[in-house]
Amino acid sequence: GTVISSDFTGNFYKNLVIEDSSKGGIVVYIEQSYIYADYPVGRKIYLKLKDLCITNYKGLAEIVFNVDSLGNTTGIPSGMLSQFIVKGPYPRPITPEEVTIIDVKSNPFKYMSTLVKIKDVQFQASSAGVPYAGPSSSSSGTSRPIENCSHTASAVMYNIAYASFQPYLTP
């Protein structure tokens, strides 16, 4: 698959999201920070899945190193990455599919862990002109409602408080 996420701004933490040529995506949980240095957006990677597990994390398929008896997961240890991930060509072009909120809501499983550009959206009035997320001292993340421009469909955008763009105001 091709890497479509980045922890560069802090909004993703210890995971990659990869998408394959069929436009299917999956999360790869890694016990390492600053993943973007080795696996930047646009790098093709090959996964060796033997001895890894696939889990369901909040409705998203995720590849992990281990699952304990309580269901807690462990990411691929940083010292073992080369055993499971082979770096491929970089950079590779990435073109997000343009969709509407209605497209996503009518077929959410089609778009899970894939890169999309949602067109014709705006923040709802209650979320306009406020920081993208609350400060890290007060919350771990913030949900901001977005809507299509005709006010007929809405969704929620979630940003973590540790993102570098957290203090910027939404348009």
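Here are a few worked exercises on the predicted model shown above.

**Exercise 1. Place Tyr29 in the fold: which strand holds Tyr29, is it buried or exposed, and what does it touch?**

Step 1: start with the secondary structure. Tyr29 sits in strand β3, which covers residues 25-31.

Step 2: check the accessibility. Tyr29 comes out at 18%, and buried means under 20%, so Tyr29 counts as buried.

Step 3: list the contacts, skipping neighbours within four places in sequence. Tyr29 then touches Lys14, Asn15, Glu62, Ile63, Val64, Thr73, Thr74, Gly75 and Ile76.

Step 4: look at the side chain. Those of Tyr29 and Glu31 are joined by a polar contact of 3.0 Å.

Step 5: add one longer-range distance. From C-alpha to C-alpha, Asp7 is 12 Å from Tyr29, with the two positions 22 residues apart in sequence numbering.

**Exercise 2. Do the same for Thr55: where is it, is it buried or exposed, and which residues does it contact?**

Step 1: Thr55 belongs to strand β5, residues 53-57.

Step 2: its relative accessibility is 15%, so Thr55 is buried.

Step 3: leaving out neighbours within four places in sequence, Thr55 is in contact with Leu60, Ala61, Glu62, Val64, Val67 and Thr73.

Step 4: cross-check with the previous exercise. Glu62, Val64 and Thr73 are among the contacts of Thr55, and Tyr29 has Glu62, Val64 and Thr73 on its list too.

**Exercise 3. Go through the aromatic pairs: how many are there, and what is the geometry of Tyr34 with Tyr36 and of Tyr132 with Phe165?**

Step 1: get the count. The model has five aromatic pairs.

Step 2: take Tyr34 and Tyr36. Their ring centres are 6.4 Å apart and their planes make an angle of 75 degrees, an edge-to-face pair. Tyr34 is exposed at 61% relative accessibility, while Tyr36 is partly exposed at 28%. Together with Phe8, Tyr34 and Tyr36 make up one aromatic cluster.

Step 3: move on to Tyr132 and Phe165. This pair is edge-to-face as well, at 5.7 Å between centres and 90 degrees between planes. Tyr132 is in the loop between β13 (121-123) and β14 (141-148), and Phe165 is in the segment after β15 (154-160), so the pair ties together parts that are 33 residues apart in sequence. Phe165 is partly exposed, at 22%.

Step 4: one ring has a charge over it. Lys87 lies over the face of Tyr39, 5.7 Å from the ring centre.

**Exercise 4. Describe how β14 and β15 pair and what the turn between them looks like.**

Step 1: the two strands run antiparallel and share seven bridges.

Step 2: pick out one bridge. Ser143 is partnered by Tyr158 in β15.

Step 3: inspect the turn. β14 and β15 make a hairpin with five residues between them, and His151 in that turn has a positive phi of about 60 degrees.

**Exercise 5. Find the largest nonpolar core: how many residues does it have, and which element gives the largest share?**

Step 1: the core counts 15 residues, and those with the most contacts inside it are Leu16, Val28, Ile30, Tyr39, Ile45 and Ile85.

Step 2: sort by element. β2 (15-19), β3 and α1 (81-84) each contribute at least two residues, with the largest share, three residues, coming from β3.

Step 3: zoom in on Ile30. Beyond four places in sequence, Ile30 touches Lys14, Asn15, Leu16, Ile35, Gly75, Ile76, Leu81 and Ile85.

Step 4: look for another core. A separate one has five residues, including Ile101, Phe123, Tyr132 and Ile146.

How values were computed
Residues are numbered from 1 along each chain as its sequence is written. This is a predicted model: local features need pLDDT of at least 70, side-chain atom pairs count only at pLDDT 80 or more; totals for chains, interfaces and linings use all residues. Side-chain values use heavy atoms; hydrogens and water are left out. Helices (H or I, at least four residues) and strands (E, at least two) are DSSP runs, numbered from the N terminus. Buried means under 20% relative accessible area, exposed over 50%, partly exposed in between (1.4 Å probe, protein chains only). Contact means heavy atoms within 4.5 Å. A polar contact is a pair of N or O atoms within 3.5 Å; within protein, one must be able to donate a hydrogen and the other to accept it, and residues adjacent in sequence count only if both atoms are side-chain atoms. Rings of Phe, Tyr and Trp (its six-membered ring) pair if their centres lie within 6.5 Å; planes under 30 degrees apart count as stacked, over 60 as edge-to-face and the rest as tilted. A charge sits over a ring if NZ of Lys or CZ of Arg is within 6 Å of the ring centre and within 35 degrees of the ring normal. Two strands pair if DSSP finds at least two bridges between them. A nonpolar core is a set of buried Ala, Val, Leu, Ile, Met, Phe, Trp, Tyr and Cys residues joined through side-chain atoms within 4.5 Å.
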